[in-house]
There are 2 protein chains.
Amino acid sequence: MEKSDSLVARLEDVAARVGVSRSEVSRVLNGRVRVGKDVGAATRERILEAAREMNYRPHRAAQSLARGRTDIAALMMVIDRDWQLSPFSNGGLELSPHYHEIIGSLTYTLSQYGIHLLLAQCGGEGSDPVAAMEKLARTRSCDGMIITDMRVDDTRPQILEESGLPFVVRGSSPKAGVVAVGMDNVAVGYQAVKYLHSLGHRHILFYNIGLDLMSGQRRFEGFCQAREEFGLGSGIEYYDGAHHENGAYEALCERLKCPNIPTAIFAEDEMGAFGALRALSEAGLRVPEDVSVMTCLNARFMRQVAPNLTVLNVRQSEVAAQAGHLLAKILQGEPVEKQQMLLPPLLEERGSTGPPARR
Amino acid sequence: MEKSDSLVARLEDVAARVGVSRSEVSRVLNGRVRVGKDVGAATRERILEAAREMNYRPHRAAQSLARGRTDIAALMMVIDRDWQLSPFSNGGLELSPHYHEIIGSLTYTLSQYGIHLLLAQCGGEGSDPVAAMEKLARTRSCDGMIITDMRVDDTRPQILEESGLPFVVRGSSPKAGVVAVGMDNVAVGYQAVKYLHSLGHRHILFYNIGLDLMSGQRRFEGFCQAREEFGLGSGIEYYDGAHHENGAYEALCERLKCPNIPTAIFAEDEMGAFGALRALSEAGLRVPEDVSVMTCLNARFMRQVAPNLTVLNVRQSEVAAQAGHLLAKILQGEPVEKQQMLLPPLLEERGSTGPPARR
DNA sequence: CTGTTAGCGCGTTCAG
DNA sequence: CTGAACGCGCTAACAG
């Protein structure tokens with residue numbers, strides 16, 4: 001039975017060294033044993049010592065198979081061109097910066113529970129992201145999953161439920177009765193308009209993300225509420241993701257060629273904001289004297305890049321951390337309410353917004 | 001033997017449905033069979049059909065155990081405060097932007113080989129990153145590993161070799177005889193100085209990353225070469241990571257209080273560059289009229305943020321992609337040269353640099 | 001207190 | 001062309 005060809009020690013090797021059975025070692029190492037009752041203190045010591053000396057570690061696949069648990073959570077990033085990201089010519093691909101915050105936060109949060117994060121198949125040319133996700137679920141490659149970037153017609157919650165894999169939605173789920181935690185994008189849309197209106201702006205340009213995304217849809221709702229409440233009917237110009245490729249930059253360049261420039265702009269995200277700032281700068285308009293600009297803060301390090309930008313902090317890392325905690329709890333068998341949890345955005349007023357110029 | 005309590009079908013369930021043995025199904029599904037010779041074409045069809053209908057997927061842990069392969073590669077990100085990242089008060093943590101590029105590129109590259117990316121334990125308070133890595137290796141949680149952010153005294157290559165786990169170094173390895181692919185940071189240091197010198201600058205401020213990192217060390221080498229070659233001895237001011245917390249911003253603010261301002265600045269990375277730009281702006285200095293600024297481009301999306309910044313593109317995603325390809329080849333058993341591969345940086349000249357002002 | 005036994009689900013001989 | 005049998009390394013009941 002001795003196979004010392006492998007570089008790593010197995011349970012059996014440790015057992016042989018000490019002169020006890022495998023199960024004895026397993027129990028001691030897993031703490032499934034009360035000292036001085038289920039096991040002799042001396043034996044225990046010898047086992048622990050031997051394991052340490054031999055640098056023993058349980059084989060993960062074997063342990064997973066036996067325990068029925070992987071201690072891995074998968075993050076389902078959809079990186080298909082049609083969904084979220086753009087592949088690059090040199091064979092790389094560009095992750096939207098907001099993933100950065102999510103990945104960091106999730107990795108950190110889950111590691112506290114002894115759970116590793118697996119980045120799920122990214123689509124790429126020709127592969128179906130949803131099929132990839134289903135495969136991951138049905139192969140039991142992970143104990144649970146976190147899905148993001150929900151679309152209004154997203155079928156993923158349904159599919160995951162059918163596969164029986166626990167999951168948490170980061171964002172808003174189109175399907176009720178699932179565990180979800182996200183940003184309150186209705187509030188984002190509403191507060192953006194409300195804030196700019198409160199500064200005195202009556203002509204606002206609102207760039208939204210695509211309406212095929214839940215977040216875009218919700219933001220649109222809030223936007224409409226505010227538009228009505230503040231009677232801004234004709235004073236608002238609205239565009240969403242469908243209209244431009246490079247965020248607000250191209251769209252705004254186009255818009256600036258026409259007369260009657262708005263006095264305030266809400267950009268869909270940081271990239272949009274930088275685009276907008278560039279377009280304004282090229283047109284010789286000053287911020288905030290001529291035009292106010294605000295956006296959403298997705299990636300925290302962006303604050304360092306543009307410390308002067310007024311933002312609605314959409315708390316990506318907090319939302320992701322919450323999602324991680326919830327998933328961990330579910331995996332531990334704790335009861336978790338199957339409903340949406342929405343965090344409110346935080347307005348951070350800085351130097352890129354102000355009252356409109358007097359005409 | 002029938003256990004239909006599980007939501008997912010097992011090999012045996014498929015076999016029972018068709019009326020053949022498990023091994024038969026396994027072989028057919030894995031293509032370990034010549035049609036019309038090892039198996040009846042009709043039988044084969046029925047097996048395939050049944051598997052599809054039942055939505056069968058092999059259980060990953062079981063498959064891994066049997067095959068001795070996980071199809072997972074781990075990325076060892078060191079996120080300890082002492083190493084790379086800063087934990088945040090709200091329980092999140094901030095990933096340096098350059099990880100973003102690496103993660104995206106690796107995920108994409110490896111997925112082409114059917115390999116998933118596992119983000120390895122991030123340290124956090126009190127946990128030893130190296131121990132975490134060793135655990136990951138010895139538990140055989142992955143088939144191979146990619147390690148980054150090499151330090152000059154890094155013990156990880158040694159430890160991984162001892163554990164027998166294949167790995168690739170992304171960056172420069174302090175230990176020879178391992179597979180490594182990185183940026184030529186000697187060239188980075190050298191070319192930065194050379195370029196600024198060629199513009200006419202004779203008083204340059206060079207911010208480097210920490211000398212405890214291989215990249216910092218190499219950059220310093222190149223820097224010294226250039227300084228000597230161009231006879232810039234006293235015309236250069238050099239600082240490295242040890243001197244400041246918030247990158248170039250704080251350091252430069254301090255420096256600008258003193259007379260004899262340099263005419264050009266090389267910042268250690270994008271964040272440093274933004275800090276430098278801010279410090280200059282606050283001091284009323286124009287770029288590039290009064291001071292030229294350049295840095296390294298780590299994260300591609302930063303080009304969109306600051307399209308006007310002159311950079312040395314350090315090609316993070318290409319380097320990471322190369323590392324991914326190499327690891328995949330190693331895992332496939334292909335021979336790979338055990339030596340460093342260094343990509344040269346690409347100078348991208350834009351608007352933040354120019355000739356020095358005439359005094 | 002300890003060892004024996006039986007799986008976990010899949011891959012792979014090896015006789016039939 | 002097929003099925004029985006064994007092993008991957010570990011966990012967990014169940015006897016002693």
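Begin by selecting B:E348 and B:R303 in this predicted model, and show their side chains, which meet in a salt bridge with 2.8 Å from N to O. B:E348 belongs to strand β14 (residues 346-348) of chain B and B:R303 to helix α12 (residues 302-305) of chain B, so this pair ties together parts that are 45 residues apart in sequence. Is each partner buried or exposed? B:E348 counts as buried, at 14% relative accessibility, while B:R303 is partly exposed, with a relative accessible area of 28%.

While you are looking at salt bridges, move to chain A and select A:R151, A:D153 and A:D212, which are joined into one network by salt bridges that share partners. Next select A:E348 and A:R350, whose side chains also meet in a salt bridge, at 2.7 Å from N to O. Here A:E348 is buried, with a relative accessible area of 14%, and A:R350 is partly exposed, with a relative accessible area of 29%.

Return to chain B for another pair, B:K257 and B:E254, which form a salt bridge whose closest N and O atoms are 3.6 Å apart. B:K257 counts as exposed at 64% relative accessibility, whereas B:E254 is partly exposed, with a relative accessible area of 48%. Over all chains, a search of the whole structure finds 32 salt bridges.

**Strand β12 of chain A**

Now select residues 310-313 of chain A, which make up strand β12, and colour its two faces separately: A:T310 and A:L312 lie on one side, A:V311 and A:N313 lie on the other, and all of them are buried, so that both faces of the strand are covered. Which strands pair with β12(A)? Strand β11 (residues 292-297) of chain A pairs with β12(A) in the parallel sense over 4 bridges, and within this pairing you can select A:M294 together with its bridge partner A:T310. Strand β14 (residues 346-348) of chain A pairs with β12(A) in the antiparallel sense over 3 bridges, and there A:L312 stands opposite A:L347.

**The sheet that runs through both chains**

Strands of a sheet pair through backbone hydrogen bonds, either parallel or antiparallel. Show chains A and B together as a cartoon, and follow an open sheet of 12 strands with mixed pairing, in the order β13(A)-β7(A)-β6(A)-β5(A)-β1(A)-β4(A)-β4(B)-β1(B)-β5(B)-β6(B)-β7(B)-β13(B). At the edges stand β13 (340-343) of chain A and β13 (340-343) of chain B, each with a single partner strand, so one side of each is left without a neighbour in the sheet. If you look along the sheet, neighbouring strands are turned by 20° against each other on average, with direction ignored. For a detail inside this sheet, select β1 (residues 72-76) and β4 (residues 116-119) of chain A, which pair in the parallel sense over 4 bridges, and pick out A:A73, whose bridge partner in β4(A) is A:L117.

**DNA strand C**

Next select DNA strand C and the protein around it: 31 residues surround this strand, and the closest are A:G36, A:K37, B:L11, B:R22 and B:Y56. Of the atoms of DNA strand C within 4 Å of the protein, 61% belong to sugar or phosphate and the rest to bases. Which part of the DNA does the side chain of A:S23 approach? A polar side-chain atom of A:S23 lies 3.3 Å from a base oxygen of DNA strand C, whereas a polar side-chain atom of A:E24 lies 3.3 Å from a phosphate oxygen. On chain B, an N or O atom in the side chain of B:N30 is 3.4 Å from a phosphate oxygen of DNA strand C. The elements that give two or more residues to this surface are α2 (22-29) and α4 (60-67) of chain A together with α2 (22-29) and α4 (60-67) of chain B. By class, the surface has 9 nonpolar, 11 polar and 11 charged residues.

**DNA strand D**

Finish with DNA strand D, which has 30 residues around it, with A:L11, A:R22, A:Y56, B:G36 and B:K37 coming nearest. Sugar and phosphate account for 64% of the atoms of DNA strand D that come within 4 Å of the protein. Select A:N30, which has a polar side-chain atom 3.3 Å from a phosphate oxygen of DNA strand D, and then B:R27, which has a polar side-chain atom 3.4 Å from a base oxygen. By class, the surface near DNA strand D has 9 nonpolar, 10 polar and 11 charged residues.

Definitions and conventions
Residues are numbered from 1 along each chain as its sequence is written. Chains are lettered from A and ligands numbered from 1 in the order in which they are written. This is a predicted model: local features need pLDDT of at least 70, side-chain atom pairs count only at pLDDT 80 or more; totals for chains, interfaces and linings use all residues. Side-chain values use heavy atoms; hydrogens and water are left out. Two strands pair if DSSP finds at least two bridges between them. Axes are lines fitted to C-alpha atoms, for helices over the stretch in contact, and angles run from 0 to 180 degrees between N-to-C directions. A residue is near a molecule or strand if one of its heavy atoms lies within 4 Å of it. A polar contact is a pair of N or O atoms within 3.5 Å; within protein, one must be able to donate a hydrogen and the other to accept it, and residues adjacent in sequence count only if both atoms are side-chain atoms. Ala, Val, Leu, Ile, Met, Phe, Trp, Tyr, Cys and Pro count as nonpolar, Asp, Glu, Lys and Arg as charged, and the others, Gly among them, as polar. A salt bridge is a side-chain nitrogen of Lys or Arg within 4 Å of a carboxyl oxygen of Asp or Glu. Buried means under 20% relative accessible area, exposed over 50%, partly exposed in between (1.4 Å probe, protein chains only).
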